[in-house]
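Trainee: I'm new to this one and would like a close look at a single part, the charged pairs and the helix they lead to. Could you walk me through it slowly?

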Amino acid sequence: MIRIAVVFPDLLGTYGDGGNGAILLQRALWRGYDAELLQAESGTALPAADIYCIGGGEDGPQVRAARELIDCGDLVHRVSDGAAVLAVCAGFQIVGMSFPGSDGANHDGVGLLDVVTHKGDGVRAVGELAAEVTEEAHWLLAPFEPPVLSGFENHGGRTALGADVVPLARVAAGVGNGDGSANEGALRDRVIGTYLHGPVLARNPVLADRLLAWALDVEALAPLNDEAAEDLRNERLSLVGQTTTKRRSFRRH
Amino acid sequence: LKVDPMLLEHLSAGRHVALVSGTNGKTTTTRLLAVALGADRARVVINETGSNMPPGHVAALVADRVSDRAVLEVDEIYLPRVVTATSATTVVLLNLSRDQLDRTNEVRMIAGKWRAAFAAAPHTHVVANADDPLVVWGAGAAAYVHWVGAGMNWQFDAVGCPACAGRIRFDSTGWSCEARCGLVRPTPVASLLVEAGECRGIWADGRSIQINLGLPGRFNQSNALMAAVAAEIQGIDAVTALEAMSKIRTVAGRFTTRQFGEASARLMLAKNPAGWSELLTLVGADRGAVVVSINARVADGADPSWLWDVPFEQLAGRRVVATGDRCRDLSVRLQYAGVEHGVEHDPTTAILIAAKSAEGGAVDVIGNYTAFNDLLLSGTAMTDIDEGSP
């Protein structure tokens with residue numbers, strides 16, 4: 001039995017990222033695994049889970065969500081025990097070291113990823129985003145090989161990576177972390193941070209399977225019919241001049 | 001189009017201007033209130049469907065310089081400016097929830113801007129939904145507030161307290177901020193009561209008035225009660241107002257039937273998770289074929305991720321065809337919702353496909369904003385009665 005928790009859907013449910021939890025659940029159930037989806041509301045104890053999905057939200061609720069996760073400390077403990085995390089947008093900023101609130105002040109993050117977010121220049125990054133998984137991330141995600149990542153970004157923050165994380169992907173179209181590095185997202189062990197909405201797992205099912213395989217402690221998963229997702233990817237990626245089949249091989253023979 | 005704010009001010013001078021804003025129900029409530037305010041044969045000017053920003057307000061007021069009453073539907077973001085420019089007599093605030101995620105319009109920010117605008121409008125009467133914490137915060141600084149217990153189905157966007165960092169707790173009697181910042185459901189002057197299929201407005205002064213509408217759905221009963229309270233502020237009693245509203249059969253094409261070749265399609269509009277939740281409740285008992293059409297154009301918002309917050313699971317077992325510019329996003333969503341479906345990019349073709357298997361060729365079509373409007377224009381109207389009159 002694996003447990004998937006959507007963290008604080010009442011505070012961080014603004015951008016449809018709760019879909020990531022539903023997608024993980026279905027992909028486990030379709031393959032015959034026993035799985036449960038938990039909606040972990042704020043103000044209650046964080047339930048034990050194998051995968052935590054943290055989504056995007058508004059500035060005020062984001063500060064409150066970070067405060068609550070820091071105060072209870074359970075997320076950090078569970079990650080050190082092997083739980084996986086998919087953190088999107090405000091969620092990505094929350095699991096970092098610090099992020100700006102709407103008041104302009106910096107707020108502490110949970111510290112799962114060595115990233116720092118600053119307030120941007122006022123122009124929000126809004127639009128389609130395509131990014132290729134980096135070589136460093138490729139090794140951490142192996143044997144799963146996500147093709148070009150596709151999603152929709154919508155954020156004002158600019159996120160810089162520290163020495164303890166690797167960039168998840170390199171931006172091919174869009175802004176991504178927006179700190180001048182062309183990086184999109186960050187990765188450390190089983191914690192994935194990204195700015196991709198869509199939700200990200202709807203458009204990038206290989207990433208969903210990577211998270212599931214960590215939780216199930218397996219090396220491979222039975223294939224599913226992902227034609228609908230593939231059609232969606234083709235449509236969205238071709239819009240920004242990318243192709244879904246493009247996959248750089250980092251394997252050295 | 002940039003409109004000189006003085007122009008709107010000039011055109012509003014000497015008129016009683018009522019404004020209607022909120023995420024869902026603006027267009028319908030504007031029509032309901034206009035009909036109510038016209039019940040004493042006064043002339044009332046309203047703006048065209050969808051033209052709910054200042055250029056649309058100017059266009060409406062320029063076209064009718066005679067009417068001394070105006071009812072204007074106003075986009076949530078533009079409301080503060082329009083309140084100031086029109087020196088509005090009355091403002092109706094329906095609800096606030098997520099819509100068009102790519103616009104910079106997070107709901108707490110909008111509520112805060114409303115609040116500041118009403119603090120600076122000491123003569124404006126605000127009719128506000130007491131069941132929506134975001135609306136209550138937004139209206140709270142007004143000098144005259146008429147709270148209405150209009151109900152709210154969709155509470156998911158309102159859990160974080162807009163006044164402090166606390167959490168809003170909803171229960172059977174209302175809601176309040178757990179952090180005890182003081183934000184609590186205010187006592188309404190009128191509330192909606194639905195009992196044994198009968199809907200009534202219950203006023204705090206003891207009146208109980210039946211609400212009988214030609215429009216379907218609990219959400220329209222709420223809209224009518226809000227409009228009735230607003231009409232009373234302008235001197236039309238609620239009985240007369242509701243009687244006038246009961247004659248409206250359709251607003252801006254919502255729930256009308258359009259013919260597409262052999263197929264007859266009942267057209268319905270749902271733009272965001274709150275609207276979808278209401279609509280799926282309304283059509284939940286139906287078992288016929290459904291076409292769902294989703295676009296993500298400027299007026300819809302460019303990011304359809306909100307599809308994942310809509311309980312599409314309720315459509316399982318029905319014949320469903322996904323269509324519209326973003327039919328592929330919808331298709332993935334339906335797959336995970338366990339809803340078998342076909343995918344057809346062209347909406348008219350999708351309707352014809354769905355109608356083939358449907359009894360009498362009749363299908364339900366639910367679209368978001370531009371998807372709905374395109375079909376309303378491309379289909380053939382069936383009867384005059386569906387058209388309604390302004």
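Mentor: Here is a walk through some charged pairs, then one helix, then a few rings.

First, some ground rules. This is a predicted model, where local features need pLDDT of at least 70, side-chain atom pairs count only at pLDDT 80 or more, and totals for chains, interfaces and linings use all residues. Residues are numbered from 1 along each chain as its sequence is written, chains are lettered from A and ligands numbered from 1 in the order in which they are written, and side-chain values use heavy atoms, with hydrogens and water left out.

Let's start with charge. Side chains of opposite charge can pair when their charged atoms come close. A salt bridge here is a side-chain nitrogen of Lys or Arg within 4 Å of a carboxyl oxygen of Asp or Glu, and searching the whole structure turns up 34 of them over all chains.

Now for the pair to look at closely: A:R236 makes a salt bridge with A:E128, with 3.2 Å between the closest N and O atoms. A:R236 sits in helix α8 (residues 227-239) of chain A and A:E128 in strand β8 (residues 125-133) of chain A, so this pair ties together parts that are 108 residues apart in sequence. (Helices, H or I with at least four residues, and strands, E with at least two, are DSSP runs numbered from the N terminus.) A:R236 is buried, at 7% relative accessible area, and A:E128 is buried too, at 13%. Buried means under 20% relative accessible area, exposed over 50% and partly exposed in between, using a 1.4 Å probe and protein chains only.

For another setting, try A:R67 and A:D71, whose side chains meet in a salt bridge at 3.2 Å, N to O. Both lie in helix α2 (residues 59-72) of chain A, four residues apart, about one turn of the helix. An α-helix has 3.6 residues a turn, so residues three or four places apart point the same way. A:R67 is partly exposed at 41%, while A:D71 is exposed at 56%.

Chain B has a pair to see as well: the side chains of B:R207 and B:E232 meet at 2.7 Å, N to O. That pair links distant parts of the chain, with B:R207 in the loop between β10 (198-203) and β11 (208-210) and B:E232 in helix α7, 25 residues apart. B:R207 is partly exposed at 30%, and B:E232 is partly exposed at 26%. Elsewhere, salt bridges that share partners join A:E128, A:R203, A:E235, A:R236, B:R326, B:R328 and B:D329 into one network.

Back to α8(A), then. Its buried residues include A:L232, A:E235 and A:R236. Among the elements covering the buried residues are β8 and β9 (149-155) of chain A, along with α10 (327-336) of chain B. Just after the helix, A:G241 takes a positive phi of about 75 degrees.

To finish, some rings. A:W30, B:W308 and B:Y336 form one aromatic cluster; rings of Phe, Tyr and Trp (its six-membered ring) pair if their centres lie within 6.5 Å, and planes under 30 degrees apart count as stacked, over 60 as edge-to-face and the rest as tilted. B:R333 lies over the face of B:W308, at 5.2 Å from the ring centre. A charge sits over a ring if NZ of Lys or CZ of Arg is within 6 Å of the ring centre and within 35 degrees of the ring normal.

Technical notes:
Contact means heavy atoms within 4.5 Å.
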